[in-house]
Amino acid sequence: MQFLFDKNTWQEIFGSIGKNKTRTIITVIGVLWGIFIYIVLAGASKGLDNGFERNFETVAKNSIWAWSQSTSMPYAGYKTGRRLRIKVGDAITLKNRVPEIQYIAPVNTKGVFGGEAAQGVRGLKSNSYPVYGYFPVIAKMATQKIYDNGRFINDEDEEQARKVCVIGERTQQELFEKDEDPIGGYIRIDGIYFQVVGVHKFTQTTPFGTDGDIYIPFATFKKLYNTGDNAQYFTIAAYDDADVVQVEKDIKSVLKSIHRVHPDDERAFGAFNLGEVFNKIMGFANGLTFVSLIVGLATILAGVIGIGNILLISVKERTKELGIRRALGATPREVRSLIILESVFLTMIAGIIGIIMGAGILNLINNMTQDIDFPYTNPTVPIPLVIGALLVMVVLGTLIGLIPAQRAVSIKPIDALREE
Amino acid sequence: MIEIKDLHKSYKMGSNSLHVLKGINFSCKEGELVAIMGSSGSGKSTLLNILGMLDEADEGEYILDGIPIKNLNETKAANYRNKFLGFIFQSFNLINYKTALENVALPLYYQKMPRKQRQEKALKYLEQVGLKEWSHHLPSELSGGQKQRVAIARAMVAEPKVLLADELTGALDSTTSYEVMDLIQKINDQGNTILVVTHEPDIAQMCKRIIHLKDGVIVKDEKVKQVRATANV
């Protein structure tokens with residue numbers, strides 16, 4: 001191993017590599033291209049991966065929305081087509097009976113799923129806005145970006161059924177003057193005065209949010225619109241490691257048992273399972289990563305084989321030189337390590353240049369896709385993958401170098417010298 | 001210095017076997033300058049290759065400075081070549097992408113000598129063959145005689161026990177040949193043992209002893225009165 005760190009060894013290697021520059025460059029390009037493709041593919045697929053993640057980052061990935069519909073089967077004395085209503089109390093039952101549920105909150109809305117929206121009035125300005133009755137826990141399931149100075153609905157708002165509201169950006173623009181601070185201001189919602197406590201930035205946190213809406217505490221909603229125990233839908237977040245498909249099934253079956261619905265009735269409760277959608281997309285992204293890994297490694301392999309090929313030719317060209325070296329006292333081991341080190345060195349140089357170029361291209365693509373709506377963020381190649389690729393190259397470089405090296409020592413020095 | 005007893009060597013050519021050396025007995029003391037003569041096919045190069053451990057004998061004994069040379073693997077042979085022998089070839093066999101200095105220093109590299117020391121020593125030997133000013137030239141920039149002198153310096157640099165020269169003047173015109181032989185004689189005068197394979201009688205006459213080979217056997221072994229090469233230059 002000591003010869004690896006010997007300056008002389010490297011001088012010999014540089015000498016023979018520098019001798020034929022064209023050959024060296026062509027050899028290097030083969031591997032360089034391989035690692036370049038590998039890095040770009042791996043980085044791009046990681047970028048897509050990150051892009052998808054970013055699209056979902058504001059909402060718990062294991063979110064499920066569940067709501068009631070009408071029965072499609074007669075059961076327990078009830079006829080078919082019975083209109084179902086989920087109750088606020090169902091949330092507690094669900095949480096108790098489905099342990100995978102981390103958070104659950106009933107939601108009531110006005111003007112979201114049809115029906116008349118609420119009238120929001122401030123002074124002479126007015127418009128109609130959908131209103132949500134939210135529990136504070138909603139903020140834990142879907143990130144609420146509240147502008148400075150403001151806040152989301154909190155526990156005390158809920159307990160005391162305060163008349164406070166969080167409004168959307170568009171709501172603010174429509175009801176307030178441009179340079180007016182909305183926090184602390186009052187708006188009238190369907191004739192009742194509410195104090196604005198926060199303005200939320202629009203993010204696609206539910207399948208149905210907009211930028212022009214109003215959130216009020218659930219308890220306040222209940223009083224205002226007289227919804228009693230009814231709820232429109234549940235927002236549910238399962239634990240990260242839960243099987244979301246199973247959780248959805250469990251939730252539905254619990255709801256069916258509460259509301260005395262036939263266990264096989266598929267139409268009684270509806271649900272939107274974000275976790276399932278997310279898993280499908282991530283599965284696609286993972287597949288892409290895998291494919292890019294395979295393609296990249298195959299390209300590296302092709303490049304390394306190219307190096308072996310060219311070294312084989314070069315050994316043939318240098319038969320005489322190697323013969324001279326051996327006549328002067330080079331042992332077969334020294335000749336062999338000269339060839340192998342050449343191979344490994346060329347592979348490494350090519351690899352490092354390839355990695356740098358690949359990183360450059362990734363950066364360029366990242367800059368170009370920055371402002372367009374494309375799921376592509378922060379394309380990186382994890383360090384272990386880069387090191388892994390380099391290791392693979394060193395190993396392959398050594399292995400492929402063995403062939404020409406063995407050939408070089410298999411020729412007897414006397415035959416090598418005779419060759420004119 | 002060199003002891004050879006009943007040396008046999010044959011080459012297989014397909015189903016035929018070509019018996020090249022048919023029992024060579026020969027010994028040579030330190031400081032001798034021996035010419036091995038013979039027409040082509042007489043086995044002189046084969047003999048030299050066996051002496052140079054580039055080839056192996058089928059039968060017989062070879063003792064170099066008291067060390068029996070047999071059953072060598074490639075690594076051991078390489079070490080012996082490096083320590084005991086210096087080679088001078090007809091076609092010079094310099095490495096074409098290395099300068100004269102680097103070529104001369106190469107045997108020392110395989111002795112693991114540090115670079116600085118290596119270059120100093122190589123330069124000293126280049127000076128001895130009169131090529132100090134040419135040390136940084138590539139072989140392609142040197143004349144035939146200069147190349148052969150670089151090769152001689154390279155053979156000398158490791159201070160071997162024996163110098164083996166294979167038709168060292170074969171590629172040179174006669175004036176240059178004599179210059180090179182003059183150098184060989186001077187090296188011999190310093191007490192080095194040198195074996196020269198040649199088929200040119202005038203070159204052979206410049207040695208102290210001539211061995212005539214014919215069809216694989218020594219037909220004549222004579223001591224001659226050395227002709228100094230300087231007389232012909």
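# Exercises on a predicted two-chain model

In chain A, 80% of the contacts with a separation of 6 or more are between residues 24 or more positions apart. The model is predicted. Chain A has 13 helices and 13 strands, and 40% of its 420 residues count as buried.

## Exercise 1

Determine whether Lys110(A) is buried or exposed, and list its contacts beyond four places in sequence.

**Solution**

1. Locate the residue: Lys110(A) belongs to strand β3 of chain A, residues 101-110.
2. Count neighbours: 24 C-beta atoms lie inside 10 Å of Lys110(A).
3. Apply the cut-off: a residue is buried if 20 or more other C-beta atoms lie within 10 Å of its own. Lys110(A) therefore counts as buried.
4. List the contacts, leaving aside neighbours within four places in sequence: Lys110(A) touches Gly115(A), Ala117(A), Ala118(A), Pro130(A), Val131(A) and Tyr225(A).
5. Add a C-alpha distance: Lys110(A) and Gly133(A) are 23 residues apart along the chain, and their C-alpha atoms are separated by 8.6 Å.

## Exercise 2

Classify the packing of α2(A) and α11(A) by angle, then give the handedness of the crossing.

**Solution**

1. Identify the helices: α2 covers residues 21-55 of chain A and α11 covers residues 332-368 of chain A.
2. Take the geometry: the angle is about 40° and the axes are 7 Å apart.
3. Compare with the cut-offs: angles under 35 degrees count as roughly parallel, and 65 to 115 as roughly perpendicular. α2(A) and α11(A) are therefore oblique to each other.
4. State the handedness: α2(A) passes α11(A) in a right-handed crossing.
5. Break down the residues of the contact: 18 are nonpolar, nine are polar and none is charged.

## Exercise 3

Work out the strand order of the open sheet in chain B and find which strands stand at its edges.

**Solution**

1. Write the order: the four strands run β2-β1-β4-β5 in chain B, with antiparallel pairing.
2. Read off the edges: β2 (16-28) and β5 (67-68) of chain B each have a single partner strand, so one side of each is left without a neighbour in the sheet.
3. Examine one pair: β4(B), residues 59-64, is joined to β5(B) by two bridges. Ile63(B) has Pro68(B) as its bridge partner in β5(B).

## Exercise 4

Describe the side of chain A that touches chain B.

**Solution**

1. Count the residues: chain A contributes 18 and chain B contributes 20.
2. Assign elements: α1 (7-19), α10 (319-327), α11 and α13 (413-418) of chain A each give two or more residues to this side.
3. Sort the chain A residues: eight are nonpolar, four polar and six charged.

Methods
Residues are numbered from 1 along each chain as its sequence is written. Chains are lettered from A and ligands numbered from 1 in the order in which they are written. This is a predicted model: local features need pLDDT of at least 70, side-chain atom pairs count only at pLDDT 80 or more; totals for chains, interfaces and linings use all residues. Two strands pair if DSSP finds at least two bridges between them. Axes are lines fitted to C-alpha atoms, for helices over the stretch in contact, and angles run from 0 to 180 degrees between N-to-C directions. Angles under 35 degrees count as roughly parallel, over 145 as roughly antiparallel, 65 to 115 as roughly perpendicular and the rest as oblique. A crossing is left-handed if the near helix is turned anticlockwise from the far one by less than a right angle, and right-handed if clockwise. Ala, Val, Leu, Ile, Met, Phe, Trp, Tyr, Cys and Pro count as nonpolar, Asp, Glu, Lys and Arg as charged, and the others, Gly among them, as polar. A residue is buried if 20 or more other C-beta atoms lie within 10 Å of its own, exposed if 12 or fewer, and partly exposed in between; C-beta atoms are placed from the backbone. Two residues are in contact if their C-beta atoms, placed from the backbone, lie within 7 Å.
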